[in-house]
Amino acid sequence: MAESAGNEKTKWTTTIIISSTLKSCEVATALENRSHKVRYSDSVENGSIIFSRTGVAFLLMDAKECFMSTEEIFLAKIEKFINMHQNSFLVLSAALHGPEEWKLMFKIQQRFLGSNLRILPVHNTVNAINLMCTIAKR
């Protein structure tokens, strides 16, 4: 009996602060479905997800939106984000990471070389949630 209790996985949950702009986002819904306590806030950067217990912060950005906006706009958003959060990750979403997406990631890496930013290329919501939860648990 005691042996089986040691083999069971314990469900990890925490409080997550999400920017109010992501209320209708699939990522927020998926985190709630995993039994995390989700709080929405207007005081965090748009697109931000912060795991309060570990202090890990994620900035969700879509590669298509980066291509449609000017370089200065999305780089300024990333810079503001990493200046606020010591343990920061950029979650760059694209259905396919082709040459243009890799050039974008390279440009971001060059710009923020030596900073505390790490880039996570993801393809879908499930991929993003799994990576974020794995990183935030540690």
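Biologist: How many bridges join β1 to β2?
Modeller: This is a predicted model, in which local features need pLDDT of at least 70 and side-chain atom pairs count only at pLDDT 80 or more, while totals for chains, interfaces and linings use all residues. Residues are numbered from 1 along each chain as its sequence is written, and side-chain values use heavy atoms, with hydrogens and water left out. Strands (E, at least two residues) and helices (H or I, at least four) are DSSP runs numbered from the N terminus, and two strands pair if DSSP finds at least two bridges between them. β1 and β2 run parallel, Val-38 in β2 being the bridge partner of Ile-16, and the number of bridges that join the two strands is five.

Biologist: Which strands stand at the edges of the sheet?
Modeller: The sheet is open and has six strands in the order β2-β1-β3-β4-β5-β6, with mixed pairing. A strand with a single partner has one side left without a neighbour in the sheet, so the edge positions belong to β2 (37–41) and β6 (117–122).

Biologist: What is the average twist from one strand to the next?
Modeller: The axes are lines fitted to C-alpha atoms, for helices over the stretch in contact, and angles run from 0 to 180 degrees between N-to-C directions. From each strand of the sheet to the next, the twist averages 25°.

Biologist: Why is strand β1 described as largely enclosed by the rest of the structure?
Modeller: Burial is judged by relative accessible area, with buried meaning under 20%, exposed over 50% and partly exposed in between (1.4 Å probe, protein chains only). Strand β1 covers residues 15–19, and it is largely enclosed because, of its five residues, the number buried is four.

Biologist: How many of the seven residues of β5 are buried?
Modeller: Leu-90 lies in strand β5 and is buried at a relative accessible area of 1%. Val-91 is also found in this strand, where its relative accessible area of 3% makes it buried. The strand as a whole is mostly covered, and the count of buried residues among its seven is five.

Biologist: How many bridges join β4 to β5?
Modeller: On its β6 side, β5 runs parallel to its partner with six bridges, and the paired residues include Val-91 with Leu-120 and Phe-89 with Arg-118. On its β4 side, one of the pairs is Ala-57 with Ser-88. β4 and β5 run parallel as well, and the bridges that join them number seven.

Biologist: How far apart in space are Val-91 and Asp-62, C-alpha to C-alpha?
Modeller: Leu-90, which lies in β5, is 27 residues from Leu-117 in sequence, with a C-alpha separation of 6.9 Å. For Val-91 and Asp-62, which are 29 residues apart in sequence, the C-alpha separation is 8.2 Å.

Biologist: What is the volume of the largest pocket?
Modeller: On a 1 Å grid over the protein atoms alone, a pocket is an open set of points with protein on both sides within 12 Å along at least five of seven lines, in contrast to a cavity, where a 1.4 Å probe fits but cannot get out; lining residues have an atom within 4 Å of a point. The points are joined across faces, edges and corners, and a volume is the space filled by probe spheres set on them. The lining comprises 22 residues, with Leu-22, Leu-60, Met-61, Asp-62 and Glu-65 nearest the centre, and elements supplying at least two residues each include β4 (56–62) and α6 (125–137). The volume of this largest pocket is about 460 Å³.

Biologist: How many residues in the lining of the largest pocket are nonpolar?
Modeller: Ala, Val, Leu, Ile, Met, Phe, Trp, Tyr, Cys and Pro count as nonpolar, Asp, Glu, Lys and Arg as charged, and the others, Gly among them, as polar. In this lining seven residues are polar and four are charged, while the nonpolar residues number eleven.

Biologist: How many disulfides does the structure hold?
Modeller: A disulfide is a pair of cysteine sulfur atoms within 2.5 Å. The sulfur of Cys-66, a buried residue at 3% relative accessibility, is 15 Å from the closest cysteine sulfur, in Cys-25, which is too far for a bond. Cys-25 itself is partly exposed at 21% relative accessibility, and the number of disulfides in the structure is zero.
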